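Hello,

Here is the structure we talked about. Please have it open while you read; my notes follow below.

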Protein chains: 2
Amino acid sequence: MEEAKGVVKHILLARFKDDIPPEKIVELIKGYANLVSLIEPMKAFQWGTDVSAENLHQGFTHVFESTFESVEGVAEYVAHQAHVEFLNLFFPALDKAIIVDYKPTFVKL
Amino acid sequence: MEEAKGVVKHILLARFKDDIPPEKIVELIKGYANLVSLIEPMKAFQWGTDVSAENLHQGFTHVFESTFESVEGVAEYVAHQAHVEFLNLFFPALDKAIIVDYKPTFVKL
């Protein structure tokens, strides 16, 4: 399956509910990061808070990027028990979320 | 300014209007990629189309990621004449867009 080859970036844009305390957010992000050590196809994880100045963030405050080696790897991650258990803690804390996956094409200069 | 240091990822989630032909989309993406050679603080560019299976993409079909060395670099890019001219072609072709910038924190395992 040609489309299944190559690195896949899994992007989550999120906004936490206003009543979630900062220390709870830190704990949830640590739990997200810890999935890398629990789910084999999840190869890397990075995250950060929005620092944009263009005012086009539509209220999203956090970006999470996970890296996989294939779309099958993402599917294995999504179905993994550790991911499901994490989501049961994480998703109820979110006000909104968007998830997109893409296979990066780099600029050739 | 401590916050201004370090790599900044500039993420655009986009959906093109339904009446924009595929060849026009290709041309616009080439124009976006070409900004790397025109705007010094823009250090890298990658893009791809959504391949997610979780149905949380909220209609977004394209991801564009540009890399800068600082938030000042992003500001210089946003104000750059080449970017402004590109946006005048690109933004009218979009049905919707979200832009977030973040400084990636990596997982330490």
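**Strand pairing and the sheet**

In chain A, Ala44(A) stands opposite Thr67(A) of β3(A). Strands here are DSSP runs of E with at least two residues, helices are runs of H or I with at least four, and both are numbered from the N terminus. Two strands pair if DSSP finds at least two bridges between them.

This is a predicted model, so to speak of local features we need pLDDT of at least 70, and side-chain atom pairs count only at pLDDT 80 or more, while totals for chains, interfaces and linings use all residues. Residues are numbered from 1 along each chain as its sequence is written, and chains are lettered from A and ligands numbered from 1 in the order in which they are written.

Back to the strands. β2(A), residues 44–49, pairs with β3(A), residues 62–68, in the antiparallel sense over six bridges. Phe45(A) faces Ser66(A) in β3(A) as its opposite residue. β2(A) also pairs with β5(B), residues 105–106, antiparallel over two bridges. There, Gln46(A) has Phe106(B) as its bridge partner.

The result is an open sheet of five strands, in the order β4(A)-β1(A)-β3(A)-β2(A)-β5(B), with antiparallel pairing. Its edge strands are β4(A), residues 94–102, and β5(B); each pairs on one side only.

Two helices pack on this sheet. Axes are lines fitted to C-alpha atoms, for helices over the stretch in contact, and angles run from 0 to 180 degrees between N-to-C directions. Contact means C-beta atoms, placed from the backbone, within 7 Å. α1(A), residues 22–38, touches β1, β2 and β3 of chain A, and its direction makes about 160° with that of β2(A). α2(A), residues 71–79, touches β1, β3 and β4 of chain A, at about 40° to β1(A).

**The two chains**

β5(A), residues 105–106, pairs with β2(B) in the antiparallel sense over two bridges. Phe106(A) stands opposite Gln46(B) there.

Chain B can be laid on chain A with an RMSD of 0.0 Å, by a turn of 180° and a shift of 0.0 Å along the axis. The fit is by least squares on C-alpha atoms of residues with pLDDT of at least 70 in both copies. The copies are thus related as by a two-fold rotation axis. The same surface serves both: 100% of the contact residues of chain B recur in chain A.

The contact takes 36 residues from chain B and 36 residues from chain A. On the chain B side, β4(B) gives the largest share, six residues.

Best wishes

Technical notes:
Two residues are in contact if their C-beta atoms, placed from the backbone, lie within 7 Å.
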